[in-house]
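Here are some notes for a colleague who is opening this structure for the first time. Please keep the sequence and the 3D view side by side while reading them.

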Amino acid sequence: MRVLVTGGAGFLGSHLCERLLAENHEVVCVDNLKTGRMENISTLLGRRDFTFRRIDVTEPFFVDEKVDAVLHFASPASPKDYLEFPIHTLKVGGPGTYHTLGLAKAHGAIFILASTSEVYGDPEVNPQPETYWGHVNPVGPRSVYDEAKRYSEAMTVAYQRTHGLRTRIVRIFNTYGPRMRLNDGRALPTFLCQALSNEPITLYGDGSQTRSFCYVSDLVEGIYRLLLVSDPGSLPINLGNPEEVTLRQLVQEILELTGSRSPITFQPLPEDDPQKRHPDIRRAWQILGWEPQVSRREGLVKTLAYFRESLKKTAEAGVSNC
């Protein structure tokens, strides 16, 4: 297939481009480089089966050559990014989704929307199944991301119902691995960066809030299976690691793995910060035969190696990135 991936130069998008190429598909990578980075796809440039196009999907665009699948993974995804670019985040979820759906419709292509566990907000149900409607503050500081994704889901379903477009929605839970930015702003890269730099590790609240962390190769496997499955049903599909961990426990694991001397400091909990995040992945198992294979410790070891090398490079360049 020829597969177009929006956000293809981002953390997750670049891993997805690599996997598609490894499976002998052609890839058209689209990114405006607002949060994506060319270094993430540097090893792919120059390949005959890979094309990079610097495009902002919030503006109308078209691809003339035949496209068999459109994977819409463009969007600022960390609180740091979507709070810095709130209007752009909403536009990626609104006009950006509209434009990519239109492209898929014009080519008769499969469309996959990268949604998020954030559509569940601060959930009152744990773990969160796809049938849960969520508990979201529509005007809070996180709403620019939460509501953008909820709107993009609604538009995707509307295209499926109105035009018969073959659509799939994946709700992605916390994912980590190489190519995360050191200054990403999310919990895990922040903890890793602070620990490796022997800086104080910042915990918000008392650290009892939970998350579940899925290694990037596991997530990409689930997305690839979703692309290939003939009939995934009409509901979105959760992809994430169902092993729930408190952020305080995660910090202790990172301190142990790194041998860091970093002290732990506590800061007030941000507004609307979710207290629970735990995917119910029964649908993923039933429809895709998918479940995570990489343990958190194994994934952390792999990610630590990348972060150590990245910190070394930034130190040589005289740049601080934590």
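The numbered points below go from the sheet and its helices to single residues in the loops.

1. This is a predicted model, and a good place to begin is the open sheet, in which 7 strands run in the order β3-β2-β1-β4-β5-β6-β11 with parallel pairing. At the edges stand β3 (50–54) and β11 (237–239), and because each has a single partner strand, one side of each is left without a neighbour in the sheet. On average, and with direction ignored, neighbouring strands of this sheet are turned by 20° against each other.

2. Within the sheet, strand β4 (residues 69–72) pairs with strand β5 (residues 110–116) over 4 bridges in the parallel sense, and the bridge partner of V70 in β5 is F111. Helix α1 (residues 11–22) packs on the sheet, where it touches β1 (2–6), β2 (26–31), β3, β4 and β6 (167–172), and its direction makes about 170° with that of β1. Helix α3 (residues 86–107) also packs on the sheet, touching β1, β4 and β5, with a direction at about 170° to that of β4.

3. Helix α3 deserves a second look, since its 22 residues reach 31 Å from the first C-alpha to the last, which is close to the 32 Å expected at 1.5 Å a residue. The helix nevertheless bends by about 35° at V92, and a proline, P95, follows within four residues. After α3 comes G108, which has a positive phi near 65°.

4. Is Q209 buried or exposed? The residue sits in the loop between β8 (201–204) and β9 (210–212), and it counts as buried because its relative accessible area is 2%, where the cut-off for buried is under 20%. A polar atom of the Q209 side chain lies 2.9 Å from the backbone oxygen of Y204. Neighbours within four places in sequence aside, the contacts of Q209 include V245, T246, L247, L269 and D273.

5. D272, in the loop between β13 (264–267) and α8 (282–288), is partly exposed, with a relative accessibility of 31%. Its side chain is joined to that of N137 by a polar contact of 3.1 Å, and D272 also touches G140, P141 and R142, residues up to four places away in sequence not being counted. The C-alpha atoms of D272 and I254 are separated by 26 Å, with the two residues 18 apart along the chain.

6. G36 lies in the loop between β2 and β3 and counts as buried at 9% relative accessibility. Leaving out residues up to four places away in sequence, G36 touches A9, G10 and D31, whereas its C-alpha atom is 18 Å from that of V3, which is 33 residues away along the chain.

7. Some backbone values should be checked by eye, because most residues other than glycine have a negative phi, and most peptide bonds are trans. N24, in the loop between α1 and β2, has a positive phi near 70° and is exposed, with a relative accessible area of 70%. R179, in the loop between β7 (175–176) and α5 (187–196), has a positive phi near 85° but counts as buried at 15% relative accessibility. The peptide bond from N126 to P127 is cis, with omega near 0°, and P127 is placed in the loop between β5 and α4 (143–163).

How values were computed:
Residues numbered from 1 in each chain as written. Predicted model: local features only at pLDDT ≥ 70, side-chain atom pairs only at ≥ 80, totals over all residues. Heavy atoms only, no water. Buried < 20%, exposed > 50% of the residue type's maximum accessible area, 1.4 Å probe, protein only. Polar contact = N/O pair within 3.5 Å; in protein donor to acceptor, adjacent residues only side chain to side chain. Contact = heavy atoms within 4.5 Å. Pairing = 2+ DSSP bridges. Axes fitted to C-alpha atoms, helices over the stretch in contact; angles between N-to-C directions. Expected span 1.5 Å × (residues − 1). Bend = angle between axes of the 7 residues up to and from the residue.
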